[in-house]
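Q: Please take a close look at one part of this model, the packing around a single helix and the core it belongs with, and then set it beside a few individual side chains elsewhere in the chain.

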Amino acid sequence: REFRGDAAEARRGKGGKMASTAAGKQRIPKVAKVKNKAPAEVQITAEQLLREAKERELELLPPPPQQKITDVEELNDYKLRKRKTFEDNIRKNRTVISNWIKYAQWEESLKEIQRARSIYERALDVDYRNVTLWLKYAEMEMKNRQVNHARNIWDRAITTLPRVNQFWYKYTYMEEMLGNVAGSRQVFERWMEWQPEEQAWHSYINFELRYKEVDRARTIYERYILSILVMVHPDVKNWIKYARFEEKHSYFAHARKVYERAVEFFGEEHMDEHLYVAFAKFEENQKEFERVRVIYKYALDRIPKQAAQNLFKNYTIFEKKFGDRRGIEDIIVSKRRFQYEEEVKANPHNYDAWFDYLRLVESDADAETVREVYERAIANVPPIQEKRHWKRYIYLWINYALYEELEAKDPERTRQVYQACVELLPHKKFTFAKIWLLYAQFEIRQKNLPLARRALGTSIGKCPKNKLFKGYIELELQLREFDRCRKLYEKFLEFAPENCTSWIKFAELETILGDIDRARAIYELAIGQPRLDMPEVLWKSYIDFEIEQEEYDNTRNLYRRLLQRTQHVKVWISFAQFELSAGKEESLPRCRQVYEEANKAMRNCEEKEERVMLLESWRNFEQEFGTDTTKERIDKLMPEKIKKRRKLQAEDGSDAGWEEYYDYIFPEDTANQPNLKLLAMAKLWKKQQQESEAAETDPDKDIDESQS
């Protein structure tokens, strides 16, 4: 339709004139324009087009005509044409062996054996390395029962290509099928001279076994093992096969000898678990259980643990079947040792793994093995000289020394361990008082007091620490060397004058020795120190000391001196309780006076809870020992607890809302501040106003209430 429309438009022309054509001339149509250029819904590729064309071509090919040959001339003509075709193909490409094989097989199908043989020979001249060509040639001769020709071809093949095992297999199989056992054996012997692969040896051995020639088979195995020794086939499985051959034929001594030769051949450098598993199973079959156990232990001690998983498994099964409890435990220990070895090998500084490993070997192994593991463990010194990295490591040395002393019973070696440890520690940066004290205690157990004192003196000289001083002083106290204790306390307090515990212990020592003046002097020196770590403990100890000596005036003076330094509520309460416990007639007035002074002193205290605590203690005192007047007075002094709100601020200064808290208003403070009373009256007036307004807004409610 588009074409007709275009033609009509062309006839009309621009001016409406019809386009005229000469008579007799044919009109040439214009090419049709395709308006819809969108792709089709079903796309066809070039590959599909070619495949369909090929399929249709095969469909259209007519079947070849069936040719019927009726006389000799036609047969000769057919043969001539066929041979010409084959020769042309060979001439075109001589190296395509398939053309030669097809040609020879066609001649063979016509029973033209001589021609086929000639074709094979020509092909061998072209490519004598082609294995298929030799195989087809020999198979043709064998199919046509040309045995000598086949032997000739096999001889030529194995001479030309001696490394092609297929020729040898075919040749020996043919001779064996013909019943020529001697000829087959001769072929095998020729083959073995070339040192073939292991399957060839096993084929020869199986050949001899088929004819019950066990001695010959053993001789072949020996030759095969000899080839292994010259590193032609260095594989464990070949030794195992030889041993199983001997075992199968009940030559158990020979089999054991084969296994022993295999173990000797591979040595300790190339040990294989499969060999030892097979050896152990052989001995297990012979009921030689001790031999089995020795084999497994020998292998496990020498084969790397990661390559002995199967060995472990078989050993475990053996012990469960024939062993006792001790044997099973040995296996479990061996497995755990392997696990620990892997852990410490992966991370030598994993001291927890070393501890577990050492605990295991200490429970089962001999002393030399334990020492070896300890030496390996302590050789892994922490790489960083920071105490936190050494805290676990130092216990390796401690455990090592304790093992040598308690288990191995070797004092000299224990001393060497301690000395090596203290020499290793970087004392200028840090030390471990524990190791020094253990060393000194060890020397004391060995009744070597000078060495113990020398060790502790060295430790204090190199790296003084509180724990070292305390340990040394405790040692001298146990030995009743009090003069040495005094000297040590003096050194200790020179080193750490802020240590209140040391001052207290020193004073207690002097008290025990009965030197009260010396103890009091020590306390005076202590409280006079400019910096103390626990001054409240020191003052309490000093006060308790004076109370114990019944020096009450000194005690009061101490309390007064302490109150000059601090106005803490607990000091006042303690002072009052002291006056109460003094046991004299004036104890109650003195105690009440202390409470009065404390209350006056704490009026300006910002911590109102402490003042409340003081008043509660005072009230308890008055309730127990006071009169009604004093009780009423203390009740008037008790504060009022009120709830308040205060504004909170966040860290950045912004408002964080409001919080409620409890505050205390003391009557004494209210009396001194009249504004507080005015505010209270104002709150009361406001509350009354709110109640009156509520009554005016709801008169009906008032009427109902009055009626009710």
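A: In this predicted model, a useful point of entry is Glu-260, which has a relative accessibility of 41% and therefore counts as partly exposed, since that class lies between the 20% and 50% limits. Glu-260 sits in helix H13, which covers residues 252-266, and, leaving aside residues up to four places away in sequence, it touches Phe-279 and Arg-291. Phe-279 is 19 residues from Glu-260 along the chain, and the C-alpha atoms of the two are separated by 8.6 Å.

Another glutamate, Glu-476, belongs to helix H25, residues 466-478, and counts as buried because its relative accessibility is 0%. The side chain of Glu-476 is joined to that of Arg-453 by a polar contact of 3.0 Å. Setting aside residues up to four places away in sequence, Glu-476 touches Arg-453 together with Glu-481, Arg-484, Cys-485 and Leu-488.

The helix to examine closely is H21, residues 394-407, whose axis comes within 10 Å of the axis of H19, residues 367-378, the two crossing at roughly 160 degrees. Because that angle is over 145 degrees, H19 runs roughly antiparallel to H21. Their contact is made on the H19 side by Ala-367, Val-370, Arg-371, Tyr-374, Glu-375, Ala-377 and Ile-378, and on the H21 side by Leu-396, Trp-397, Asn-399, Tyr-400, Tyr-403 and Glu-404. The crossing of H19 past H21 is left-handed.

H21 also packs with H18, residues 351-364, at an angle of about 15 degrees and with the axes 11 Å apart, so H18 and H21 are roughly parallel to each other. Here H18 contributes Tyr-351, Trp-354, Phe-355, Leu-358 and Glu-362, while H21 contributes Tyr-395, Leu-396, Asn-399 and Tyr-403. The passage of H18 by H21 is likewise a left-handed crossing.

Two of the residues in that second contact, Trp-354 of H18 and Leu-396 of H21, are also listed, with Ile-435, Leu-538 and Leu-614, as having the most contacts inside the largest nonpolar core, which has 95 residues. Leu-614, again not counting residues up to four places away in sequence, touches Val-569, Trp-572, Ile-573, Tyr-595, Ala-598, Asn-599 and Met-602. Apart from this core lies another, of 76 residues, including Val-187, Ala-200, Phe-312 and Phe-318.

Conventions: Residues numbered from 1 in each chain as written. Predicted model: local features only at pLDDT ≥ 70, side-chain atom pairs only at ≥ 80, totals over all residues. Heavy atoms only, no water. Core = buried A, V, L, I, M, F, W, Y, C linked by side-chain atoms within 4.5 Å. Buried < 20%, exposed > 50% of the residue type's maximum accessible area, 1.4 Å probe, protein only. Contact = heavy atoms within 4.5 Å. Helix = DSSP H or I, 4+ residues; strand = E, 2+ residues; numbered from the N terminus. Polar contact = N/O pair within 3.5 Å; in protein donor to acceptor, adjacent residues only side chain to side chain. Axes fitted to C-alpha atoms, helices over the stretch in contact; angles between N-to-C directions. Parallel < 35°, antiparallel > 145°, perpendicular 65-115°, else oblique. Left-handed = near helix turned anticlockwise from the far one by under 90°.
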